[in-house]
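Work through the following exercises with the sequence and the model at hand. Each task is followed by a solution in steps.

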Amino acid sequence: MGRVPVYQHSGSYAQEHNELEQYRASHKANIACKDAIETAIRDSYHSNCLGEDAGKQVVGQFGFDRVFYVLANTIRRKEWDGRFSYRNKEWANTVPVCADEDAWGGDKNRYFVVDAVNPGLTDLFINQVRREYLLTQPLTKQDIQAEAARLLRHLQSEREPNSPGGTQYMAQISPEFLIRASTKDHDRLFALLPYKSLTFSTLKDRKGIFAFIRKDEPRDQPLRLKLSERLKSAQQKLDAEARRSVPKQRETRQI
């Protein structure tokens, strides 16, 4: 059976539109999700540290939409609490959470507020889940440029060649970039870095992929931010030449 969709309206709206079944199922799932979050935080907290995988099981069970809905609702009801970061409070306001009052003016959303664990740990849990979601999203042009700029700073900040053999400068491509990157994203990253000797490669006995440049190549160069436009123009030129080189088919007349 698939996950219950998040119902984005109040109980009164559901009653007016004959959708009480969907509303009740979603409300019940919100409460179950809240309970699962609290359990995951309690089970993952050891030695004053929240386990890195605390949110994965909850997301796997309920999906990002519902987990975000419950967490955003929690922060909105605890806006005064300084143990939630300003960054997460801003994020919570971007997640639509429908107001839901009962017949006496009480807030039904109070039933799925994460409240049985320390808010500071809930804030760490939110950071984890938001990061997990980010890793599922395609890279943007700005993301690729930011990674290129980070690599450039690292390559330029080293005083001496830092490769194992001492013949090259190197910088590790971030694991987060590699998780999200397609083949085209790797090509775009490569094109932004200004070095002729640039290579991407692995290292024996070390995890990850690294950018390498020869130690004799000048490192004080800016990113090739306009290179993508030049490549696009060059590709368009090649495509036009290819089209011109295709022989035109002779017209035939039917007799």
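**Exercise 1. Lys204**

Decide whether Lys204 is buried, partly exposed or exposed, and locate Lys204 in the chain.

Solution. The model is a predicted one. Step 1: the relative accessible area of Lys204 is 74%. Step 2: the exposed class begins over 50%, so Lys204 is exposed. Step 3: Lys204 sits in the loop that links β4 (199-203) to β5 (206-214). Step 4: Pro164 is 40 residues away from Lys204 along the chain, and the two C-alpha atoms are 9.8 Å apart.

**Exercise 2. Positive phi outside glycine**

Examine Asn18 and Ser47: state the backbone angle phi, the loop and the exposure class of each.

Solution. Step 1: Asn18 is not a glycine, yet its phi is positive, at about 55 degrees. Step 2: Asn18 belongs to the loop between α1 (11-16) and α2. Step 3: with a relative accessible area of 70%, Asn18 is exposed. Step 4: Ser47, also a residue other than glycine, has a positive phi near 50 degrees. Step 5: the loop that holds Ser47 runs between β1 (45-46) and β2 (49-50). Step 6: a relative accessible area of 73% makes Ser47 exposed.

**Exercise 3. Three partly exposed residues**

Assign Leu134, Gln137 and Gln156 to elements or loops, and give for each a residue that is distant in sequence together with the C-alpha separation.

Solution. Step 1: partly exposed covers the range between 20% and 50% relative accessible area. Step 2: Leu134, in helix α5, has a value of 43% and is therefore partly exposed. Its C-alpha atom is 8.6 Å from that of Arg180, with the two positions 46 residues apart in sequence terms. Step 3: Gln137 lies in the loop between α5 and α6, and its relative accessible area of 28% puts Gln137 in the partly exposed class. Gln137 and Ala181 are 44 residues apart along the chain, and their C-alpha atoms are separated by 9.5 Å. Step 4: Gln156 is part of helix α6 (residues 141-157) and is partly exposed at 31% relative accessibility. For Gln156 and Pro218, 62 residues apart in sequence, the C-alpha distance is 9.5 Å. Step 5: leaving out residues up to four places away in sequence, Gln156 touches Tyr195, Arg219, Asp220 and Gln221.

**Exercise 4. Nonpolar cores**

How many residues are in the largest nonpolar core, and which elements give two or more residues to this core?

Solution. Step 1: the largest nonpolar core holds 31 residues, and those with the most contacts inside it are Ile37, Val58, Val67, Leu71, Trp91 and Phe125. Step 2: two or more residues of this core come from each of α2, α3 (56-77), α4 (86-92) and α5 (119-134). Step 3: the most come from α3, which supplies eleven. Step 4: Val67 touches Cys33, Ile37, Val58, Val59, Phe62, Phe125 and Val129, when residues up to four places away in sequence are not counted. Step 5: another core of 19 residues lies apart from the largest one, and includes Leu155, Tyr169, Leu198 and Ile213.

**Exercise 5. The cavity**

Count the cavities of 30 Å³ or more, and describe the lining of the largest cavity.

Solution. Step 1: the count is one cavity of 30 Å³ or more. Step 2: the largest cavity has a volume of about 80 Å³. Step 3: its lining consists of Tyr7, His9, Tyr23, Ser26, His27, Asn30, Tyr69, Cys98, Asp100, Asn109 and Phe112. Step 4: helix α2 (residues 20-44) provides the largest share of this lining, four residues. Step 5: sorted by class, the lining has five nonpolar, five polar and one charged residues.

**Exercise 6. The chain as a whole**

Summarize the secondary structure, burial, contacts and surface of the protein chain.

Solution. Step 1: the protein chain has nine helices and five strands, and their order from the N terminus is α-α-β-β-α-α-α-α-β-α-α-β-β-α. Step 2: of the 255 residues, 38% are buried. Step 3: among contacts with a separation of 6 or more, 66% join residues 24 or more positions apart. Step 4: the accessible surface is about 16,800 Å², and 50% of this surface belongs to carbon and sulfur atoms.

Terms used:
Residues are numbered from 1 along each chain as its sequence is written. This is a predicted model: local features need pLDDT of at least 70, side-chain atom pairs count only at pLDDT 80 or more; totals for chains, interfaces and linings use all residues. Side-chain values use heavy atoms; hydrogens and water are left out. On a 1 Å grid over the protein atoms alone, a cavity is a set of points where a 1.4 Å probe fits but cannot get out, and a pocket is an open set with protein on both sides within 12 Å along at least five of seven lines; lining residues have an atom within 4 Å of a point. Grid points are joined across faces, edges and corners, and a volume is the space filled by probe spheres set on the points. Ala, Val, Leu, Ile, Met, Phe, Trp, Tyr, Cys and Pro count as nonpolar, Asp, Glu, Lys and Arg as charged, and the others, Gly among them, as polar. Buried means under 20% relative accessible area, exposed over 50%, partly exposed in between (1.4 Å probe, protein chains only). Contact means heavy atoms within 4.5 Å. Accessible areas come from the Shrake-Rupley method with a 1.4 Å probe; for residues, only the protein chains shown count as cover. A nonpolar core is a set of buried Ala, Val, Leu, Ile, Met, Phe, Trp, Tyr and Cys residues joined through side-chain atoms within 4.5 Å.
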